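Let's take a walk through this model together. Have the sequence and the 3D view open side by side, and we'll go from one part to the whole.

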Amino acid sequence: KFPLRALRHDEATGTDTDITTEHAWLYRTNSAVSPYERMAWTVDDLIFYGASVWLIDRGAPVDGRRPILNAEWIPQHRWEIVLVDGEYRLEVDGMQIADDRFILINSPHEGLLNIGQDTLRGGHAIEKAWVGRIRNPLPLVDLHQIDDQLEPHEVKQLVDDWSAARRRDDGAVGSTPPSVQLNVHGDIKHELFVEGRNAIRTDIGSFLNVRVAMIDGTIGVDSLTYTTKDGERNSFYEFDLPFWTDPITARLSLDDVVPRGSRVRFDMYDAHNLPTPTGRTVED
């Protein structure tokens, strides 16, 4: 919800002039993908892969430079950087792209899929174990054979039938053949799944520079510490969000994107807590 704005700085007066209308590609596109979607998928690429690419169309030269007319986000699976004759080149759908036809935006880190592999695998294992425990909420069950009356295929069928029966709504009640004794081992530690899933939340938040309070995770707060939702919200916009917005605006502010002396920023007006209206004026 923070649109891009282009600003020109006047060193003589020390003021900034909004020149966004001179760069229409900041707030519109020539495709069905809106600027909002373009930015959302760009941040998605930065989070997971560590880089994002925009293909750009340029117009006729003006004052020695070709202005950008349109910028289009390219899905990550369609592009790659390859080494050609000792130089790195960008290829999109297997075709080399000229240096002035694309914008490469780098993430603050190598991407969550690279730096957080162990955490993601652990999260997947915890989620899988949690789902399995919900489907089978009872402790470990041993269908112990008292004698050898059952054949191996009959034992397998018995285990499959028992497992399926436990997942039914009335799975708390079952029956075993006379030659099978039901033994229950261990106990369920539900706290392990709650604490483990919460730990994954906070670990992923740490990789993304997002404070725990913003993802509803458990946070240790001293009894004398007083925090408010507005305070956490303002801290998010001041400390957490710039981790992702600053690399984008820094890249879009380079001279190959906007003229020298200009810069691109996000309009963060909506991030500020505006005063609450007092209502209509009432005459005495």
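Start with the open sheet built from three strands, which run in the order β5-β6-β7 with antiparallel pairing. In this predicted model, β5 (79-84) and β7 (95-97) sit at the edges with a single partner strand each, so one side of either strand has no neighbour in the sheet. If you look at how the strands lie against each other, neighbours here are turned by 50 degrees on average, ignoring direction. As a reminder, strands of a sheet pair through backbone hydrogen bonds, in a parallel or an antiparallel way.

Now zoom in on one of those pairings. Strand β6 covers residues 87-92 and pairs with β7 through three bridges, in the antiparallel sense. Here you can find V92 standing opposite M95 of β7.

Next, swing over to the surface. Which residues make up a nonpolar patch there? They are F48, Y49, L113 and L120, and together they offer about 310 Å² of accessible area. Y49 is a handy one to pick out: look in the loop between α1 (35-48) and β3 (51-58). Its relative accessible area is 38%, so Y49 counts as partly exposed, between the 20% limit for buried and the 50% limit for exposed.

Finally, zoom out to the protein chain. Its secondary structure adds up to seven helices and 11 strands. Of its 284 residues, 31% are buried. Among contacts between residues at least 6 apart in sequence, 62% join residues at least 24 apart. As for the outside, the chain exposes about 19,000 Å², with 53% of that supplied by carbon and sulfur atoms.

Methods
Residues are numbered from 1 along each chain as its sequence is written. This is a predicted model: local features need pLDDT of at least 70, side-chain atom pairs count only at pLDDT 80 or more; totals for chains, interfaces and linings use all residues. Side-chain values use heavy atoms; hydrogens and water are left out. Two strands pair if DSSP finds at least two bridges between them. Helices (H or I, at least four residues) and strands (E, at least two) are DSSP runs, numbered from the N terminus. Axes are lines fitted to C-alpha atoms, for helices over the stretch in contact, and angles run from 0 to 180 degrees between N-to-C directions. Patches are made of residues with over 30% relative accessible area and no salt bridge: like charges are joined within 9 Å, nonpolar side chains (Val, Leu, Ile, Met, Phe, Trp, Tyr) within 5 Å. Accessible areas come from the Shrake-Rupley method with a 1.4 Å probe; for residues, only the protein chains shown count as cover. A salt bridge is a side-chain nitrogen of Lys or Arg within 4 Å of a carboxyl oxygen of Asp or Glu. Buried means under 20% relative accessible area, exposed over 50%, partly exposed in between (1.4 Å probe, protein chains only). Contact means heavy atoms within 4.5 Å.
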